[in-house]
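User: I should like to understand how the terms used to describe a protein structure are justified. Please show me the structure, and I shall ask about each term in turn.

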Amino acid sequence: MAKNRLFINAVQEAKRLMSQAVAIGDVCLDATCGNGHDTLFLANLVGAQGKVFAFDVQQMALDSTQKRLQLANVAERVSLINDGHQQMAEYVHEKIAGAMFNLGYLPGGNKGLVTKPNTTVAALDILTELMLPYGLITLVLYTGHPGGEEEAKKVTAWADALPQDGWDVISFSFPNRENNSPILLAIQKRGEQC
Ligand SMILES: C[S@@+](CC[C@H](N)C(=O)[O-])C[C@H]1O[C@@H](n2cnc3c(N)ncnc32)[C@H](O)[C@@H]1O
């Protein structure tokens, strides 16, 4: 067996876990599509029979995501939505196997336009009702920008309060890294047998 580095960063950890929770034909959600890296990852996981809903409040982000999906020939399995993830109940009526939140600002975009604690938690409240048994929510939390620390605290407190007989919650941080290394929060809904 080839041995590899296990802990690259929070985004890679989120993807590693997500690939164990999502199968071909599932419906997934990218709550913050940004430049589309996570949307493309989810589109590949669900395959041609599956579907991904991808939200962003910036047209620039949706355009960048659309380009990435077209290049990979997977655009038809993704619904791009120019609205805040806190409005997801208006658009998503299917049950969700996997949902990714990569919080903060759009890399290469307006650093002042960031996800906000209240809307992130509002989206999470709606999402908990939409998740399938064994469905997984991942959140990558950034604390290095203004408002990031407050958002990370609010989201973590929200997750801490989830009932333990319904949800398993873990967090991964990288304590020996400099420059506020992002933190992963991962939340899995219990199955019926658990
Ligand atoms: C860190 S970026 C996402 C990176 C992205 N997942 C990728 O793979 O490139 C965060 C994104 O969240 C978006 N955003 C901010 N508030 C939002 C909201 N309420 N609903 C949806 N997206 C939001 C920003 O416009 C930005 O593009």
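User: What makes a residue a contact of G50, and which residues does G50 touch?

Analyst: Contact means heavy atoms within 4.5 Å. Leaving aside residues up to four places away in sequence, G50 touches G25, D26 and R77. The model is a predicted one, in which local features need pLDDT of at least 70 and side-chain atom pairs count only at pLDDT 80 or more, whereas totals for chains, interfaces and linings use all residues. Residues are numbered from 1 along each chain as its sequence is written, and side-chain values use heavy atoms, with hydrogens and water left out.

User: Why is G50 called buried?

Analyst: Buried means under 20% relative accessible area, exposed over 50%, and partly exposed in between (1.4 Å probe, protein chains only). G50 has a relative accessible area of 10%, so it counts as buried. G50 is placed in the loop between α2 and β2. The names of such elements follow DSSP runs, numbered from the N terminus: helices are H or I runs of at least four residues, and strands are E runs of at least two.

User: Is E76 buried or exposed, and how do you know?

Analyst: The relative accessible area of E76 is 60%, and the cut-off for exposed is over 50%, so E76 is exposed. E76 lies in the loop between α3 and β3. From C-alpha to C-alpha, E76 and A48 are 8.4 Å apart in space, and 28 residues apart in sequence.

User: How do you know to what extent strand β2 is enclosed?

Analyst: Strand β2 covers residues 51-56, and 5 of its 6 residues are buried, so β2 is largely enclosed by the rest of the structure.

User: What makes β1 and β2 a pair of strands?

Analyst: Two strands pair if DSSP finds at least two bridges between them. Strand β1 (residues 27-30) and β2 have 4 bridges in the parallel sense, so the condition is met. One of the bridge partners is F53 in β2, which is matched with L29. On the other hand, β2 also pairs with β3 (residues 78-82), in the parallel sense over 5 bridges, and V52 stands opposite V78 in β3.

User: Which hand does the crossover from β2 to β3 have, and what makes it so?

Analyst: A crossover is right-handed if, with the strands pointing away from the viewer, the path from the first strand over the helix to the second runs clockwise. The chain goes from β2 through helix α3 (residues 59-71) to β3, and this β-α-β crossover is right-handed. β1, helix α2 (residues 37-46) and β2 also make a right-handed β-α-β unit.

User: How are the strands ordered in the sheet, and which are its edge strands?

Analyst: The open sheet has 7 strands in the order β3-β2-β1-β4-β5-β7-β6, with mixed pairing. Its edge strands are β3 and β6 (167-172), as each pairs on one side only. Within the sheet, β1 and β4 (residues 96-102) pair in the parallel sense over 3 bridges, with C28 opposite G98 in β4. β4 and β5 run parallel and are joined by 6 bridges; F101 stands opposite L139 in β5.

User: Why is the packing of α1 and α2 called roughly parallel?

Analyst: Axes are lines fitted to C-alpha atoms, for helices over the stretch in contact, and angles run from 0 to 180 degrees between N-to-C directions. Helix α1 (residues 10-21) and α2 pack at an angle of about 20 degrees, with their axes 11 Å apart. Angles under 35 degrees count as roughly parallel, over 145 as roughly antiparallel, 65 to 115 as roughly perpendicular and the rest as oblique, so α1 is roughly parallel to α2. In this packing, V11, K15, M18 and S19 in α1 meet H37, D38, F41, L42 and L45 in α2.

User: What makes α2 a mostly covered helix?

Analyst: In α2, 8 of the 10 residues are buried. These buried residues are D38, T39, L40, F41, L42, A43, L45 and V46. Their cover includes α1, β1, β2, α3, β3 and β4. Just after α2, G47 takes a positive phi of about 70 degrees.
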